[in-house]
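This report goes through one protein chain, from its overall make-up to a few local arrangements. Please keep the sequence and the structure at hand while reading.

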Amino acid sequence: MSVCLFNSPPTLSLPTPAKRTITSILDTSNNWTRKTLLGGAITGALSINLLLSSPSLLALESPSPSLLQSQSTEYRCREEETQQDFKVESEAPQVVTNEGIVEEAWEIVNDSFLDSGRRRWTPQSWQQKREDILSGSIQSRAKAHDIIRRMLASLGDPYTRFLSPAEFSKMGRYDVSGIGINLREIPDENGEVKLKVLGLLLDGPAYSAGVRQGDELLSVNGEDVKGKSAFEVSSLLQGPNETFVTIKVKHGNCGPVHSIEVQRQLVARTPVFYRLEQIENSTASVGYIRLREFNALARKDLVIAMKRLQDRGASYFILDLRDNLGGLVQAGIEISKLFLNEGEKVIYTVGRDPQYQNTIVADSAPLVKAPVIVLVNNKTASASEIVASALHDNCRAVLVGERTFGKGLIQSVFELHDGSGVVVTVGKYVTPNHTDINGNGIEPDYQNFPGWSDVKKHLSECNINQQG
């Protein structure tokens, strides 16, 4: 079994492990080896289990520490290469039965499904369904897939569904970099995080330029990526179609370092539009920012817009999220942090699996401290609702407009052993003030545009109420 994503060509992978996953955009614990979280859109990187070892070095003599370290490193690299080669040769294809595929899908639901619709799903009723379904033989793969479809439909959850192998393949070909790679954060033996290429498009520009599966990414256009997240670096890689980006990669654990120029082949559309507006009968000005969607460029371009508007004298900000149905949930989280003080809560995620029970907080000082109005309507959904609720509940913004859509569920996409997949609701978002977004939406503070004096008064009273 594994987990998956959206939009990009076939990926180059190491021998398929018993369970393969595509990684999570809300997985704050960096648990990249099992599931993918979805909220309005799916994102992540193909998680390939690399065989790593830490062999001890036996020495008859006592060489200098530097020599011992050098010998140990060389030995470890040789052993890793040997073990990887052995693994490639020794793995035999697994025979997957029709009954096995159905049971695999059943187990995913049994382990992770969150009944967000309060339909009183129980492990007992689900166990009975397993016994009913597997009481006889399943004669064909098509029949097995049909059984899975009906089994998932019985849950009554519109977001939990079956994916044919062709549909799953399209989902798994997701590329947020613009050059055909997906990155994964890998902690080394010292606890430092490295960015590895774990998901590579065979016909993509990075592969054609010489990037290989398992390479460590060191820099982008001369900027060291140490300490940056996979999402941040993917944004750095993005750019206009047919422009070039220079990356520095290290092949394998001990291989040489190469500087590679890669031509972008995907059009990266900025979702940010902004302008400076003068307040009537006032010397103050407002920075208006419209965010159309949450893609890999959203945070980077929003930061540029906010800084430019601040430099031009903006005293207040309007963030327009009307008709923004979401996109990359991680983009929504990172954009929320731009407005919050360190330690303030962005969102809670809850689910049956402990992996989905997280509290996500801001980890740095805010980019702006000026009062903010967030414009919302009934098409403000998913990642947009994360931003709106985070700013509202932390007294950083007032909401103006209509009640939001109310899409607060988290889906995970799992690959089954025959290349098909299932999308399963595994969790939901809860706002910092413990409001369940899903099916409820967020009620705005004002239906009509307030004066800025009213906005400042509202935010001041909000902060006083929170403190006391």
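The sections below cover the chain as a whole, two helix pairs, the aromatic rings and one loop.

## Overall make-up

The model is predicted. Its protein chain contains 11 helices and 21 strands. Of the 468 residues in the protein chain, 51% count as buried.

Sequence separation can also be read from the contacts. Among contacts in the protein chain with a separation of 6 or more, 70% come from residues 24 or more positions apart.

## Helices 2 and 3

Two packed helices are described by the angle between their axes and the distance between the axes. Helix 2 (residues 98-112) packs against helix 3 (residues 123-133) at an angle of about 175°, and their axes are 11 Å apart. Because angles over 145 degrees count as roughly antiparallel, helix 2 is roughly antiparallel to helix 3.

On the side of helix 2, the contact is made by Val 102, Glu 103, Trp 106, Val 109 and Asn 110. Helix 3 contributes Trp 126, Gln 127, Arg 130 and Ile 133. Two of these residues, Arg 130 and Trp 106, also form a charge-over-ring arrangement: the charged end of Arg 130 sits over the ring of Trp 106, 5.6 Å from its centre.

## Aromatic rings

A search of the whole structure yields five aromatic pairs. One of them joins Phe 113 and Trp 121, which are edge-to-face, with 5.9 Å from centre to centre and 75° between the planes. Phe 113 and Trp 121 are both buried. A single aromatic cluster is formed by Trp 106, Phe 113, Trp 121 and Trp 126. Trp 106 of helix 2 and Trp 126 of helix 3 are thus members of this cluster as well as of the helix contact described above.

A pair is also formed by Phe 449 and Trp 452, whose ring centres are 6.5 Å apart; their planes meet at 75°, so this pair is edge-to-face. The burial of these two residues is as follows. Phe 449 has 47% relative accessibility and therefore counts as partly exposed, whereas Trp 452, at 11% relative accessibility, counts as buried.

Another charge lies over a ring at Tyr 207: Arg 212 is over the face of Tyr 207, at 4.2 Å from the ring centre.

## Helices 9 and 10

The axes of helix 9 (residues 329-337) and helix 10 (residues 383-393) come within 8 Å, crossing at roughly 20°. Because of this angle, helix 9 is roughly parallel to helix 10. The crossing in which helix 9 passes helix 10 is right-handed.

From helix 9, the residues making the contact are Val 329, Gly 332, Ile 333, Ile 335 and Ser 336. Their counterparts in helix 10 are Ala 383, Ile 386, Val 387, Ala 390 and Leu 391.

## Gly 227 and helix 7

Gly 227 is found in the loop between strand 10 (223-224) and helix 7 (230-237). With a relative accessible area of 74%, Gly 227 is exposed, because exposed means over 50%. Gly 227 and Val 193 are 34 residues apart in sequence, while their C-alpha atoms are 6.9 Å apart in space.

Helix 7, which follows this loop, is mostly covered, with six of its eight residues buried. The buried residues in helix 7 are Ala 230, Phe 231, Val 233, Ser 234, Ser 235 and Leu 237.

Notes. Residues are numbered from 1 along each chain as its sequence is written. This is a predicted model: local features need pLDDT of at least 70, side-chain atom pairs count only at pLDDT 80 or more; totals for chains, interfaces and linings use all residues. Side-chain values use heavy atoms; hydrogens and water are left out. Rings of Phe, Tyr and Trp (its six-membered ring) pair if their centres lie within 6.5 Å; planes under 30 degrees apart count as stacked, over 60 as edge-to-face and the rest as tilted. Buried means under 20% relative accessible area, exposed over 50%, partly exposed in between (1.4 Å probe, protein chains only). A charge sits over a ring if NZ of Lys or CZ of Arg is within 6 Å of the ring centre and within 35 degrees of the ring normal. Axes are lines fitted to C-alpha atoms, for helices over the stretch in contact, and angles run from 0 to 180 degrees between N-to-C directions. Helices (H or I, at least four residues) and strands (E, at least two) are DSSP runs, numbered from the N terminus. Angles under 35 degrees count as roughly parallel, over 145 as roughly antiparallel, 65 to 115 as roughly perpendicular and the rest as oblique. A crossing is left-handed if the near helix is turned anticlockwise from the far one by less than a right angle, and right-handed if clockwise. Contact means heavy atoms within 4.5 Å.
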